[in-house]
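Work through the exercises below with the sequence and the 3D structure at hand. Try each task before reading its solution.

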Amino acid sequence: QVQLVESGGGLVQAGGSLRLSCAASGRTSSSMGWFRQAPGKERAFVAAISWSTGNTYYADSVKGRFTISRDNAKNTVYLQMNNLKPADTAVYYCADGLGTALISDYYYWGQGTQVTVSS
């Protein structure tokens, strides 16, 4: 069993920054991912990182603006979000899994944290 607890969401103006954290406990899989779900839309992949290698993978929509990182000693994954846009408004979820863009490749999910970007 893996438990994931996200934090760091909030309200920010366009162009601003936020950093999300996801603390994991239990026996995790090889990778962690971040997904987001905007109102009325399907959950979508944002970024993923391998615990062992640190290799990262991003959705095109966030490349150059978001950075995923991990602290193995703290079992924590971060998502640094810069130059935020109103289109980034969503509930953000971290997930334990295989590090792909597929929701079906993730086994455990956090409760989600709201990110709201005002124009």
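**Exercise 1. A facing pair and its hairpin**

Task: Find which residue of β8 stands opposite Ile68, and describe how β7 and β8 are joined.

Solution.
- Step 1. The model is a predicted one. In it, the residue of β8 opposite Ile68 is Leu79.
- Step 2. Strands β7 and β8 are antiparallel partners, and six bridges link them.
- Step 3. The two strands make a hairpin, with four residues between β7 and β8.
- Step 4. Asn75 belongs to the loop between these strands. Its phi is near 50°, which is a positive value, and Asn75 is not a glycine.
- Step 5. Asn75 has a relative accessible area of 31% and is partly exposed. The class follows because partly exposed covers the range between under 20% (buried) and over 50% (exposed).

**Exercise 2. From the hairpin to the sheet**

Task: State the order of the strands in the open sheet of four strands, and work out which strands stand at the edges.

Solution.
- Step 1. The order is β1-β3-β8-β7, and the pairing is antiparallel.
- Step 2. β1 (2-7) and β7 (66-71) each have a single partner strand, so each has one side without a neighbour in the sheet; these are the edge strands.
- Step 3. On average, neighbouring strands of this sheet are turned by 15° against each other, with direction ignored.
- Step 4. Look at the β1 edge. β1 is joined to β3 (residues 18-26) by six bridges, and the two run antiparallel. Within this pair, Ser7 faces Ser21 of β3.

**Exercise 3. The nonpolar core**

Task: Name the residues with the most contacts inside the largest nonpolar core, and say which element gives the largest share of this core.

Solution.
- Step 1. The largest nonpolar core holds 33 residues, and Trp34, Leu79, Met81 and Tyr92 have the most contacts inside it.
- Step 2. Two or more residues each come from β1, β3, β4 (31-37), β5 (44-50), β7, β8 (76-81), β9 (90-97) and β11.
- Step 3. β5 supplies the largest share, five residues.
- Step 4. Take Met81 as an example. With neighbours within four places in sequence set aside, its contacts include Leu18, Leu20, Phe66, Tyr92 and Val115. Gly16, Ser17 and Arg65 are also in contact with Met81.

**Exercise 4. A threonine in the last strand of the list**

Task: Decide whether Thr113 is buried or exposed, and find which backbone nitrogen lies 3.2 Å from a polar atom of its side chain.

Solution.
- Step 1. Locate Thr113 in strand β11, which covers residues 113-118.
- Step 2. The relative accessibility of Thr113 is 11%, so Thr113 counts as buried. The cut-off used here is under 20%.
- Step 3. The backbone nitrogen in question is that of Gly9.
- Step 4. Gly9 is one of the residues that Thr113 touches, apart from those up to four places away in sequence; the others are Glu6, Ser7, Gly8, Leu20, Ala90, Val91 and Tyr92.

**Exercise 5. The loop between β8 and β9**

Task: Describe Asn83 and Pro86, and state how far the C-alpha atom of Pro86 is from that of Thr116.

Solution.
- Step 1. The loop between β8 and β9 contains Asn83. Pro86 is in the loop between β8 and β9 as well.
- Step 2. Asn83 is not a glycine, yet its phi is positive, about 50°.
- Step 3. Asn83 has 42% relative accessibility and counts as partly exposed. Pro86, at 41%, also counts as partly exposed.
- Step 4. Pro86 and Thr116 are 30 residues apart along the chain, and their C-alpha atoms are 7.3 Å apart.
- Step 5. Pro86 touches Ala14, Val117 and Ser119, with residues up to four places away in sequence left out.

**Exercise 6. The whole chain**

Task: Count the helices and strands, and check whether the radius of gyration agrees or disagrees with that of a compact globule.

Solution.
- Step 1. There are zero helices and eleven strands.
- Step 2. A compact globule of 119 residues would have a radius of gyration near 14 Å; the protein has 13 Å, so the value agrees.
- Step 3. The C-alpha trace spans about 40 × 25 × 25 Å along the principal axes.
- Step 4. Of the 119 residues, 44% are buried.
- Step 5. Among contacts with a separation of 6 or more, 54% are between residues 24 or more positions apart.

How values were computed:
Residues are numbered from 1 along each chain as its sequence is written. This is a predicted model: local features need pLDDT of at least 70, side-chain atom pairs count only at pLDDT 80 or more; totals for chains, interfaces and linings use all residues. Side-chain values use heavy atoms; hydrogens and water are left out. Buried means under 20% relative accessible area, exposed over 50%, partly exposed in between (1.4 Å probe, protein chains only). A polar contact is a pair of N or O atoms within 3.5 Å; within protein, one must be able to donate a hydrogen and the other to accept it, and residues adjacent in sequence count only if both atoms are side-chain atoms. Contact means heavy atoms within 4.5 Å. Two strands pair if DSSP finds at least two bridges between them. Axes are lines fitted to C-alpha atoms, for helices over the stretch in contact, and angles run from 0 to 180 degrees between N-to-C directions. A nonpolar core is a set of buried Ala, Val, Leu, Ile, Met, Phe, Trp, Tyr and Cys residues joined through side-chain atoms within 4.5 Å. The radius of gyration is taken over C-alpha atoms; the globule rule is 2.2 Å times the number of residues to the power 0.38.
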